[in-house]
Amino acid sequence: MKKWKCILALLPLAATMLTSCRDVPVIDVQPDKGDTLKENMINANRYIAKSEETQIDNYVARRQWQMKRLSGGARVMVLTAGSGRQIGYEDTVTLRYRVEAINGAVIYDQVEETVVAGHLQPVRGLDAALLTLHYGSRARVILPSEQAYGVVGDGDRIGSRIVLVYELEIVNQSNTKNQH
């Protein structure tokens, strides 16, 4: 028994000697400069945006949808053209919509919400899409996370960096500029 205790006591020493013979790379642990960190964050965001764009392109192609790409990256497909005038800046618009993640998980179903167009409500990408539609339109809108709820999500059901697919209908519209 005493012999085993001796061997067990020498094991850590032997392990240290064996590992100390290896070439261990030297790692510079100096803190990153602000510019380097900023560049890394910019590159990471570019990578995420490109990845989401590819994901959306593949999603649209699989379904053979014909969608218009807006400047911020949102995609719009008119399902039923509305008979009313085009939605303008500061028009009060009532929407009925369903939202799902690009993976098909339903997030919100049959929501009705009144928004003021041009005020980035409820999110920037959806607002931009609204300004391309007419009263009575039904449309499908896909928003990359940056045009939706971004890194923070909506604080309820939409998590961080989720690409959203809206099925929406414009159910009411009034021009608030003429009401003041």
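This is a short tour of a predicted model, stop by stop.

**Stop 1: the whole chain**

Start with the protein chain in cartoon view. It has three helices and six strands. Trace the elements from the N terminus: they run α-α-β-β-β-β-α-β-β. Now colour by burial. Of the 180 residues, 32% count as buried. Next, turn on contacts. Among those with a separation of 6 or more, 65% join residues 24 or more positions apart.

**Stop 2: the largest pocket**

Select A49, E52, G72, P144 and E146. Of the residues lining the largest pocket, these lie nearest its centre. The whole lining has 15 residues. The volume of this pocket is about 220 Å³.

Which element gives the most to the lining? Select residues 34-63 to find out. This is helix α2, and it supplies six residues. Now colour the lining by residue type. Six residues are charged, five are polar and four are nonpolar.

**Stop 3: salt bridges from helix α2**

Stay on helix α2 and show side chains. The structure holds eight salt bridges. Pick E53 and R69. Their side chains meet in one of these bridges, at 3.8 Å from N to O. E53 sits in helix α2 and R69 in strand β1 (residues 68-69), so the pair ties together parts that are 16 residues apart in sequence. Both ends are partly exposed: R69 has a relative accessible area of 45%, and E53 has 27%.

Now move to D57 and R75. They form a salt bridge too, and the closest N and O atoms are 2.9 Å apart. What does this pair tie together? D57 lies in helix α2 and R75 lies in strand β2 (residues 75-80), so the link spans parts 18 residues apart in sequence. Is R75 buried or exposed? With 7% relative accessibility, R75 counts as buried, because the cut-off is under 20%. D57 is partly exposed, at 35%.

**Stop 4: a bridge between β3 and β6**

Select R96 and E169. Their side chains meet in a salt bridge of 3.6 Å, N to O. This pair links distant parts of the chain. R96 is in strand β3 (residues 91-101), E169 is in strand β6 (residues 164-175), and 73 residues separate them. R96 is partly exposed, with a relative accessible area of 37%. E169 also counts as partly exposed, at 28%. Add E112 to the selection. Salt bridges with shared partners join R96, E112 and E169 into one network.

**Stop 5: the nonpolar cores**

Hide the charged side chains. Select Y166 and L168. The largest nonpolar core has 27 residues, and these two touch the most other members. Where does the core come from? At least two residues each come from β3, β4 (106-116), α3 (124-130), β5 (138-143) and β6. The most come from β3, with five residues.

Centre the view on L168 and show its contacts. Leave aside neighbours within four places in sequence. L168 is then in contact with R96, Y97, L126, L133, S137, R138, A139 and V141. R96 is the residue you met in the bridge to E169.

For the last selection, pick I56, M67, M77 and V163. They are among the ten residues of another core, which lies apart from the largest one.

How values were computed. Residues numbered from 1 in each chain as written. Predicted model: local features only at pLDDT ≥ 70, side-chain atom pairs only at ≥ 80, totals over all residues. Heavy atoms only, no water. 1 Å grid on protein atoms, 1.4 Å probe; cavity = no way out; pocket = protein on both sides within 12 Å on 5 of 7 lines; lining within 4 Å. Points joined across faces, edges and corners; volume = space filled by probe spheres on them. Helix = DSSP H or I, 4+ residues; strand = E, 2+ residues; numbered from the N terminus. Nonpolar A, V, L, I, M, F, W, Y, C, P; charged D, E, K, R; others polar. Salt bridge = Lys/Arg side-chain N within 4 Å of Asp/Glu carboxyl O. Buried < 20%, exposed > 50% of the residue type's maximum accessible area, 1.4 Å probe, protein only. Core = buried A, V, L, I, M, F, W, Y, C linked by side-chain atoms within 4.5 Å. Contact = heavy atoms within 4.5 Å.
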